[in-house]
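Let's take a walk through this fold together, starting with the overall picture and then zooming in on a few spots.

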Amino acid sequence: MNQTQPLHPPGPAAPPPLTFYGVPVASRLLLGTALYPSPHIMSEAVRAARAGIVTVSLRREQARGRTGERFLDLIRALPVRLLPNTAGCRTAKEAITTAEMARELLDTDWIKLEVIANDDTLQPDLFGLVAAAEELVKRGFRVFPYTTEDLSAADRLVAAGCRVLMPWGSPIGTGRGLANPQALKTMRAYFPDLPLVVDAGIGAPSHAAAAMELGYDAVLLNTAVARAQDPVRMAAAFAAAIDAGRTAFEAGLIEPSDRAHPSTPVAGTPFFDLDPPRSGPTDR
């Protein structure tokens, strides 16, 4: 007796979950906690985004006088993992000092490492970044470096012990999206097994989806949600876009082509002319 075959055969195995330094991460959207109209809206946006990780800038919060226990208690109450960062640091020494302070205050060895070279573009100082990463890894930190698409710097960061890279999409806060998608695509191919996170410059959910379609593992953003007219709804929109972009990548996007290709083939069709020929005059 023949067994009935399943109507839909099993698909490919599910891809492995995203992990950072061996820690599984449920969400591919990382969200910043600055610039929101109020702490309440920030909390609601984090929940709407279904974010698994939020970043906290201790230097910026110090400047605003918000690093007291009340703000830290609010952050700790969120159902997320904290990723403190060294935003605002201009030298490796500053970044290392800020990282040590963050580890003491927030009880985590994770640090998003930023060393800024230029006030106009907020471009990373790649030399200071590598130097700071080398020292922080020696001190037991799990470093998430904010970098560019430069592969030589990326190689040095990995050699220093970084197991995540966070290249920018475009300068921080600009909302331009992916300024150099080909370079990001090259970086993805160069580091096929390393978690890569597009960080900075994302302005619209379509930008986040495009990053995920390139095969990036996650997206980190702040301004695009915090400065939206409705941050909570925008956070939900980004969550949906990232899910869609990742699903599209896993499903296998078609390769772009310079030529048109008909979706319905002409050869082999049962007929070619739907209009019957007109009858001419007949002899009687």
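What follows goes from the whole chain to its core, then to a helix pair, and then to some individual residues.

Keep in mind that this is a predicted model. The protein chain has 10 helices and 10 strands. Of its 284 residues, 43% count as buried. On the outside, the chain exposes about 15,900 Å², and carbon and sulfur atoms supply 53% of that area. If you like thinking in contact maps, take the contacts with a sequence separation of 6 or more: residues 24 or more positions apart account for 67% of them.

Now for the inside. In soluble globular proteins, nonpolar side chains tend to be buried together. Here the largest nonpolar core holds 75 residues. Which of its members touch the most others? Those are Phe20, Leu113, Val143 and Val219. Let's stop at one of them. Setting aside neighbours within four places in sequence, Leu113 is in contact with Thr86, Ala95, Leu129, Ala132, Ala133, Leu136, Val143, Phe144, Pro145 and Tyr146. So that list includes Val143, a fellow member of the well-connected group.

Leu129 and Ala133, both on the contact list of Leu113, also lead us to the helix pair, as they belong to the H5 side of its contact. Helix H5 covers residues 126–138 and helix H6 covers residues 151–160. Their axes lie 9 Å apart and make an angle of about 10°. Angles under 35 degrees count as roughly parallel, so H5 and H6 run roughly parallel to each other. On the H5 side, the contact is made by Leu126, Leu129, Val130, Ala133, Glu134 and Val137, while H6 brings in Ala153, Arg156, Leu157 and Ala160. Sorted by class, that gives 8 nonpolar residues, no polar ones and 2 charged ones.

Next come two residues with a backbone quirk. Most residues other than glycine have a negative phi. Asp107 goes the other way, with a positive phi of about 55°. It sits in the loop between helix H4 (92–106) and strand E6 (110–113). Is Asp107 buried or exposed? With a relative accessible area of 71%, Asp107 is exposed. Leu122 also has a positive phi, near 55°, and its place is in the loop between E6 and H5. Leu122 has a relative accessible area of 22%, so it is partly exposed; the cut-off for buried is under 20%.

Two hydroxyl-bearing residues are worth a look too. Thr55 lies in strand E4, residues 53–57, and counts as buried because its relative accessibility is 7%. Leaving out residues up to four places away in sequence, Thr55 touches Leu31, Gly32, Thr33, Leu83, Asn85, Lys112 and Leu220. Ser43 is found in helix H1, residues 39–49. Its relative accessible area is 7%, so Ser43 is buried as well. With the same neighbours in sequence left out, Ser43 touches Leu74 and Leu78.

Finally, head over to helix H10, residues 231–251, where Ala244 has its place. At 46% relative accessibility, Ala244 counts as partly exposed. How far apart are the C-alpha atoms of Ala244 and Ser206? They are separated by 9.9 Å, with the two residues 38 places apart along the chain.

Note on methods
Residues numbered from 1 in each chain as written. Predicted model: local features only at pLDDT ≥ 70, side-chain atom pairs only at ≥ 80, totals over all residues. Heavy atoms only, no water. Core = buried A, V, L, I, M, F, W, Y, C linked by side-chain atoms within 4.5 Å. Buried < 20%, exposed > 50% of the residue type's maximum accessible area, 1.4 Å probe, protein only. Contact = heavy atoms within 4.5 Å. Axes fitted to C-alpha atoms, helices over the stretch in contact; angles between N-to-C directions. Helix = DSSP H or I, 4+ residues; strand = E, 2+ residues; numbered from the N terminus. Parallel < 35°, antiparallel > 145°, perpendicular 65-115°, else oblique. Nonpolar A, V, L, I, M, F, W, Y, C, P; charged D, E, K, R; others polar. Areas by Shrake-Rupley, 256 points an atom, 1.4 Å probe, with all protein chains shown as cover.
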